[in-house]
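Let's take a walk through this model, one neighbourhood at a time. Keep the viewer open and follow along.

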Amino acid sequence: MKTRRNALALVAWHLLCGASFAAADASFRGLNLPPTQGTTRDGAFFTGQYHYDYNPDQVGTLLEQAGFTAVRLAVNRETALNASALSRHKSYIDALGGRGIICMFDTSSAPGRSWPRDGRLTGRLEASADAWRSVHSVFAKYGSNVMYEIFNEPWGYQTDTQTYVSDMLQVVRLAGLPMDRVILAGLHGSSDVQSVARAGWPGYLAYHCYSFWLPDGQRTRANFAARIKQDIWGLSSRVFITEFGVGLDGLPEDVDEEELRHDIRRHPDRKTSTADWMSERPSSATPVHDVCKKYPKSRWCRNLPLDAAMVQRSPNVGADVAARLEGDGAAATPTAPQNSGAVAPTAAPRESETMAFLGGLRDALESLRSQHQGIRGLFHWHGWHNGDTWDFWDRANAKSSRMIQLIMLDMVEEGSKSIDEDRFLSQDFMQDMQVVSMVRAADLSPRPTSACPLECSATYCQPGSEHEIGGKHLTQQHCIHTCSVQYSGMRYCGAGDAYVGAGSIDCSACADPLVCSGLPCLLHRTPAIHVQPAALAQHLPGFLSRRNSVHRSS
């Protein structure tokens, strides 16, 4: 009881000092940029100042073109107390218009290792406050455009919510942080925000959701949507989803068809705009024909008064036709129901899980928005181009990354007008055209000047240790970093002194796209184009062709 009284007293003290929790800017569409060290699972848990190799200009160009408006950056005590490191973090945030989240990560008590960690700040409150005071000295002037996530994934507190909230508020008070810029993570893996709110915390909350939050056998689209809604129900207007993720590689689903279905569900009056769908399927001049080809037994298609030739001569009816198909299509084909997350016969488990998770997340956020419970921000894990299956930029992950773009673009509409007001998808159309689709982005990268060495394949080079700061995993059964000298006939993938040197193999040519300072080698800024929907189909191919010629000649 004493701990609870202390926590509530601290909240009351800040409220009396005029703190407001309505100041945070809504609709942060963000990407996590983890330290460029180790792996993305363990890299932020090593002691010492973090390595951040990203080029600030590249951060601004790439993230803006991909549709992101904010970054989430990690600090530990050593990084937070280093002026040069904070200046670099500032340059990344400035590159995206001055918006982002700074988050304090726990670090191992063993130098050079990512473990052990205790997952709590008890006994280290003053040291943590010193670190946050240093951070605030650099970012104070940014106001609510830069938020402070006090401690990442506080699993060490287990169910001791009162001690957790009390510890966090002590750090906030000692550091002199404005309450309206403070975010407290949910308990465990930042998944339980409800308990933190019930403990008396009235401010912003950080929620994490990953595909492995649900056990095997329950990872369906409907279950993911239900879990996410349940976790943040009644709190979503205070919630930043600061991490979400699933393995992105090998998604077989037609992401643009998923987008069409999503638009149709949002516009039951059937007054959607064909041009929006056609903009996402520029290779198809006959969207209605495509739909009826896929659903030939649909009652609507059987009664269609237009033959295929007439459909081809009338390109402005596609989405309206598709809207009238909604509800018939699932019965006319053996593919899995759209909202069930059921496994289609030809889909691999990872592939089905990817769409189930991303689709479930999208459904949950859409449902919350429809009930005026939109979230504060959404940050994908992660944006380091290191070739793992969570890498937003890797070519093998492109379809899933496109799905993430579409989820982010939903938040643009939330911030500007209601889904019912945007009857012709004008917001969706314009925003889609101001980002580079990840399905096409890898084609804009310069090609390697040399072939991927055979020695970089899994036959000759195995993953380095994830628990050591230089160890790296394999990408599509290849190392994209450096393969070490041989040890008992085998090389190991990694970076740093333990891996480079005489006899090691440079595997950078194996990355797709190529890596430049932790991001893909795409450095050209492309201005947004503004064309009328009717003219889109003729403008888009030429626009992309010009982009390809510029990038490939550089």
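**A guided tour**

Thr107 makes a handy starting point: look for it in the loop between strand E3 (100-104) and helix H5 (125-139). Bear in mind that this is a predicted model. Is Thr107 buried or exposed? With a relative accessible area of 18%, Thr107 is buried, because the cut-off is under 20%. Skip its neighbours within four places in sequence, and Thr107 still contacts Ala44, Phe45, Phe46, Thr47, Tyr50, Asn76, Pro116 and Arg117.

From that loop, step back to strand E3, which pairs with E2 in the parallel sense over 5 bridges. Val71 is the residue that stands opposite Gly100 in E3. Strand E2 (residues 70-75) is mostly covered, with 6 of its 6 residues buried. Ala70, Arg72 and Ala74 point one way from E2, while Val71, Leu73 and Val75 point the other way, and all are buried. E2 also pairs with strand E1 (residues 28-33), again in the parallel sense, over 4 bridges. There, Gly30 stands opposite Ala70 in E2. To get from E1 to E2 the chain passes through helix H2 (residues 56-66), and this β-α-β crossover is right-handed.

Now for the side chains packed inside. As a rule, nonpolar side chains in soluble globular proteins tend to be buried together. Here the largest nonpolar core has 109 residues, and those with the most contacts inside it are Trp132, Ile150, Ile241 and Phe244. Zoom in on Ile150: leaving out residues up to four places away in sequence, Ile150 touches Met104, Trp132, Met168, Val171, Val172, Leu177, Val182, Ile183 and Leu184. A second, separate core holds 12 residues, among them Cys456, Leu474, Cys483 and Ala511.

Next, the rings. How many aromatic pairs does a search of the whole structure find? The search turns up 20. One pair to look at is Tyr210 with Trp390, which is edge-to-face, at 5.6 Å centre to centre with 70° between the planes. Why does this pair tie together parts that are apart in sequence? Tyr210 lies in strand E6 (residues 204-210) and Trp390 in the loop between strand E8 (377-380) and helix H18 (398-416), so the pair links parts that are 180 residues apart in sequence. Both Tyr210 and Trp390 are buried.

Phe28, Tyr204, Phe240 and Phe379 form one aromatic cluster. Phe28 has a charged companion too: the charged end of Arg99 sits over its ring, 4.3 Å from the centre. You'll find another such arrangement at Arg120, which lies over the face of Tyr157 at 4.4 Å from the ring centre.

Finally, head further along the chain to an open sheet of 4 strands, in the order E9-E11-E10-E12 and with mixed pairing. Its edge strands are E9 (461-463) and E12 (505-506), each of which pairs on one side only. E9 runs parallel to strand E11 (residues 491-494), joined by 3 bridges, and Gln462 stands opposite Tyr492 in E11. Strand E10 (residues 482-483) pairs with E11 in the antiparallel sense over 2 bridges. Within that pairing, Cys483 has Cys493 in E11 as its bridge partner. You've met Cys483 before: the second, separate core includes it.

Note on methods. Residues are numbered from 1 along each chain as its sequence is written. This is a predicted model: local features need pLDDT of at least 70, side-chain atom pairs count only at pLDDT 80 or more; totals for chains, interfaces and linings use all residues. Side-chain values use heavy atoms; hydrogens and water are left out. Two strands pair if DSSP finds at least two bridges between them. Buried means under 20% relative accessible area, exposed over 50%, partly exposed in between (1.4 Å probe, protein chains only). Contact means heavy atoms within 4.5 Å. Rings of Phe, Tyr and Trp (its six-membered ring) pair if their centres lie within 6.5 Å; planes under 30 degrees apart count as stacked, over 60 as edge-to-face and the rest as tilted. A charge sits over a ring if NZ of Lys or CZ of Arg is within 6 Å of the ring centre and within 35 degrees of the ring normal. A nonpolar core is a set of buried Ala, Val, Leu, Ile, Met, Phe, Trp, Tyr and Cys residues joined through side-chain atoms within 4.5 Å. A crossover is right-handed if, with the strands pointing away from the viewer, the path from the first strand over the helix to the second runs clockwise.
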